[in-house]
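Q: Please take a close look at a single part of this structure and explain, step by step, how that part sits within the rest.

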Amino acid sequence: MQDPAHQKYFSELGWDKPGAINYDINSEGFRCDEFDYTTPCMISLGCSYTIGIGLPVDLIWPSLVGAATGLKVANLAWGGNGTDTCFRLAEYWIPKLQPKLVTMLAPPETRFEILLDTNVHHLPVDVIMPETNSAIFSSSDTFIKHWLLNDENSRLNQLKNCLAVKQLCAEHDIPCLIERAQDHMSWSREEIGYARDFMHGGPVIHKRIAEKMLNDWREKHT
């Protein structure tokens with residue numbers, strides 16, 4: 001807000017007002033309404049782009065897809081998650097919520113999850129994120145070193161989790177739409193704007209992701 005350019009941008013979007021961006025977290029730890037097990041819903045899986053860090057909830061892609069499909073959104077995302085987290089939460093919550101649609105913006109492939117607790121359906125957990133130097137192990141850890149030295153480990157891990165989520169949905173006869181976050185991150189800030197944290201993309205990229213999801217939905221169901 002000390003930068004005049006940011007101040008002008010935030011003012012134009014109304015983000016400089018108190019309460020403009022709220023993070024209302026339900027009792028299960030997710031940024032969405034309390035789960036209603038009787039209302040048709042859509043599950044969204046992902047990381048900070050899906051939870052919508054730095055943006056009003058009505059502008060993020062899960063909300064846009066939910067509004068277009070008429071489904072209440074159960075947003076199971078959390079910042080810093082990997083696709084391991086997406087699969088783990090999908091396995092737990094799909095049978096409970098019985099959604100009509102599952103959508104996923106697969107987090108960056110370099111992340112993978114290490115569970116340090118047996119409570120597997122809650123957040124947060126420890127996720128190895130080499131791109132932010134947040135690994136919880138020392139540089140002498142043999143497993144981590146071998147994992148990170150070969151990019152195929154990351155690529156295959158992301159692919160396996162995406163396929164596993166699709167298989168879960170197939171077993172429950174639920175449509176599944178998956179995009180990769182990394183395929184939508186090549187835009188410049190001038191093209192897509194930015195969120196209030198100046199780290200994530202703004203409303204334009206969320207609209208584009210939602211449109212891609214909805215186009216895939218229409219192609220498969222029309």
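A: The following account looks closely at helix 6 and then turns to the parts around helix 6.

The model is a predicted one. The protein chain holds 8 helices and 6 strands, and from the N terminus on these elements follow the order α-β-α-α-β-α-β-β-β-α-α-β-α-α. Of its 222 residues, 44% count as buried. Among contacts between residues at least 6 apart in sequence, 72% join residues at least 24 apart. The accessible surface comes to about 11,500 Å², and carbon and sulfur atoms account for 53% of that surface.

Helix 6 covers residues 151-171, which makes 21 residues. From its first C-alpha to its last, helix 6 reaches 31 Å, close to the 30 Å expected at 1.5 Å a residue. Its buried residues are Ser 154, Asn 157, Gln 158, Asn 161, Cys 162, Val 165, Leu 168 and Cys 169. These residues cover an arc of only 125° around the axis, and therefore they lie on the same side of helix 6. The face turned away from this buried side carries the exposed residues Lys 160, Ala 170 and Glu 171.

What, then, covers the buried residues of helix 6? The cover includes three strands and two helices named here: strand 1 (41-45), strand 3, strand 4 (112-114), helix 4 (83-97) and helix 5 (142-149). Strand 6 is also included in the cover.

The two ends of helix 6 may be taken in turn. At the N-terminal end, Asn 150 acts as a cap: one of its side-chain oxygens lies 3.0 Å from the backbone nitrogen of Glu 152. Just after helix 6 comes Asp 173, with a positive phi of about 55°. Most residues other than glycine have a negative phi. Asp 173 has its positive value although it is not a glycine. Asp 173 belongs to the loop between helix 6 and strand 6, and Asp 173 counts as exposed because its relative accessible area is 71%, where exposed means over 50%.

A positive phi is also found at Gln 98, a residue other than glycine, with a value near 45°. Gln 98 lies in the loop between helix 4 and strand 3. With a relative accessible area of 59%, Gln 98 is exposed.

Helix 4 and strand 3, which Gln 98 lies between, are both included in the cover of helix 6. Two aromatic residues, Tyr 92 and Trp 93, may be considered next. A search of the whole structure finds 11 aromatic pairs. In the pair of Tyr 92 and Trp 93, the ring centres are 5.0 Å apart and the planes stand at 80°, so the pair is edge-to-face; the cut-off for that class is over 60 degrees. Tyr 92 is partly exposed, because its relative accessibility is 26%, whereas Trp 93 is buried at 1%.

Strand 6, part of the cover of helix 6, contains Glu 179. Is Glu 179 buried or exposed? Its relative accessibility is 8%, so Glu 179 counts as buried, the limit being under 20%. The side chain of Glu 179 is joined to that of His 184 by a polar contact of 2.9 Å. Leaving aside residues up to four places away in sequence, Glu 179 touches Met 104, Leu 105, Ala 106, His 184, Lys 212, Met 213 and Asp 216.

Met 213 and Asp 216 are among the buried residues of helix 8, together with Ile 205, His 206, Ile 209, Ala 210 and Leu 214. Helix 8 runs over residues 203-221, and at 1.5 Å a residue its 19 residues should span 27 Å. Its end C-alpha atoms are 27 Å apart, which agrees. The cover of its buried residues includes helix 2 (48-51), helix 3 (61-69), strand 3 (101-106), strand 6 (176-180) and helix 7 (189-192). Strand 3 and strand 6 thus help to cover the buried residues of helix 8, and strand 3 and strand 6 are also part of the cover of helix 6.

Terms used. Residues are numbered from 1 along each chain as its sequence is written. This is a predicted model: local features need pLDDT of at least 70, side-chain atom pairs count only at pLDDT 80 or more; totals for chains, interfaces and linings use all residues. Side-chain values use heavy atoms; hydrogens and water are left out. Helices (H or I, at least four residues) and strands (E, at least two) are DSSP runs, numbered from the N terminus. The expected span of a helix is 1.5 Å times one less than its number of residues. Buried means under 20% relative accessible area, exposed over 50%, partly exposed in between (1.4 Å probe, protein chains only). Contact means heavy atoms within 4.5 Å. Rings of Phe, Tyr and Trp (its six-membered ring) pair if their centres lie within 6.5 Å; planes under 30 degrees apart count as stacked, over 60 as edge-to-face and the rest as tilted. The arc is that of the directions from the helix axis to the C-beta atoms. A polar contact is a pair of N or O atoms within 3.5 Å; within protein, one must be able to donate a hydrogen and the other to accept it, and residues adjacent in sequence count only if both atoms are side-chain atoms. Accessible areas come from the Shrake-Rupley method with a 1.4 Å probe; for residues, only the protein chains shown count as cover.
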